[in-house]
Amino acid sequence: MTTYAVGDLQGCHAEFVELLETLAFDPRRDRLWLAGDLVNRGPGSLSCLREAMALGEAACTVLGNHDLHLLAVARGGAGLNRKDTLDDILAAPDRERLLDWLQSRPLLVAETLDDAPGAATVMTHAGLLPQWSLPQARRLAGEVEEVLGGESAGAFLERMYGNAPALWRDDLEGIDRLRAVVNVFTRMRFIDAEGCLDFAAKEGLDSAPPGFAPWFQYPRGDALRLLFGHWAALQGATPHSRVDARALDTGCVWGGSLTALNLESGERVSVPSRQRP
């Protein structure tokens with residue numbers, strides 16, 4: 001059995017199929033970790049969603065910001081943005097089944113794999129706040145997941161958007177608490193030493209505001225292996241990282257490539273994008 005981790009699909013279905021064929025991926029034997037953002041911007045969002053769901057227990061998927069945006073549009077009253085490519089999903093005959101499946105995905109997965117005994121491999125869409133221990137991160141992810149699985153999910157999705165609060169506090173309550181957790185797991189890039197998030201800078205490392213650095217350049221008190229997508233401008237690199245962080249998003253939807261990381265060997269396999277940059 002081989003476990004592969006793949007970054008943001010963002011509707012790049014043809015490349016996803018080609019990557020699985022290149023890997024000779026067998027869902028009866030292998031496992032696939034998908035770092036979120038299955039949908040949006042690319043031309044095959046509906047096919048990506050169906051493909052991931054069809055893999056069943058062979059695929060482990062976390063929610064990304066574009067996935068949550070789809071849910072907010074479909075079930076939280078949010079409007080479509082100009083560059084969204086979600087119409088096929090919203091009009092699909094199996095729309096509700098697909099949305100139910102997506103809404104039940106976690107924000108964080110953690111597992112001790114055979115190649116790293118004693119050290120957990122953790123995958124989230126955007127990263128893990130250095131100030132959070134793994135047990136705390138699990139609990140906070142669970143709080144959001146419980147809301148998404150309950151009767152108040154629509155109300156939460158309607159109020160999910162926003163940049164405040166940008167700094168986590170343990171005494172946060174209600175929608176502020178849930179929004180802060182979602183923003184860490186699905187939107188984080190640059191933070192300051194206290195863990196305050198910057199939401200404006202989205203490019204490479206040289207776009208960091210004064211006093212801010214990539215979240216993976218701050219130390220942690222554990223030995224986790226952290227897998228994340230979300231940040232295409234990194235092109236799979238984490239320079240000057242002070243933790244074991246593996247960037248998975250290599251910008252397929254922007255004309256880059258779609259990449260799988262073999263979690264046993266560390267080898268990366270990529271297929272070129274078919275999208276126009």
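A residue is called buried when its relative accessible area is under 20%, exposed when that area is over 50%, and partly exposed in between, using a 1.4 Å probe and protein chains only. What you have open is a predicted model, in which local features need pLDDT of at least 70 and side-chain atom pairs count only at pLDDT 80 or more, while totals for chains, interfaces and linings use all residues. Residues are numbered from 1 along each chain as its sequence is written, and side-chain values use heavy atoms, with hydrogens and water left out.

Start by selecting strand β10, residues 244-247; strands (E, at least two residues) and helices (H or I, at least four) are DSSP runs numbered from the N terminus. In a regular strand the side chains alternate between the two faces of the sheet. Here A245 and A247 point to one face and are buried, whereas D244 and R246 point to the other face and are not.

Next, add strand β9, residues 225-228, which runs parallel to β10 and is joined to it by 4 bridges; two strands count as paired if DSSP finds at least two bridges between them. Within this pairing, L227 has R246 of β10 as its bridge partner.

Now show the aromatic side chains, among which there are 8 aromatic pairs. Rings of Phe, Tyr and Trp (its six-membered ring) pair if their centres lie within 6.5 Å, and planes under 30 degrees apart count as stacked, over 60 as edge-to-face and the rest as tilted. The rings of F190 and W231 have centres 4.9 Å apart and planes at 80°, so this pair is edge-to-face. Because F190 lies in strand β6 (residues 190-191) and W231 in the loop between β9 and β10, the pair ties together parts that are 41 residues apart in sequence. Both F190 and W231 are buried, and ring pairs link them with W215, F216 and F228 into a cluster.

Move on to the open sheet of 5 strands, ordered β3-β2-β1-β11-β12 with mixed pairing. At its edges stand β3 (59-61) and β12 (268-272), each with a single partner strand, so one side of each is left without a neighbour in the sheet. Inside this sheet, select β1 (residues 3-6) and β2 (residues 31-34), which run parallel and are joined by 4 bridges, with Y4 having L32 of β2 as its bridge partner.

Finally, select Q103, which is found in helix α5 (residues 95-103). Q103 is buried, with a relative accessible area of 11%. Leaving aside residues up to four places away in sequence, Q103 touches L71, R75, L148 and A153, where contact means heavy atoms within 4.5 Å.
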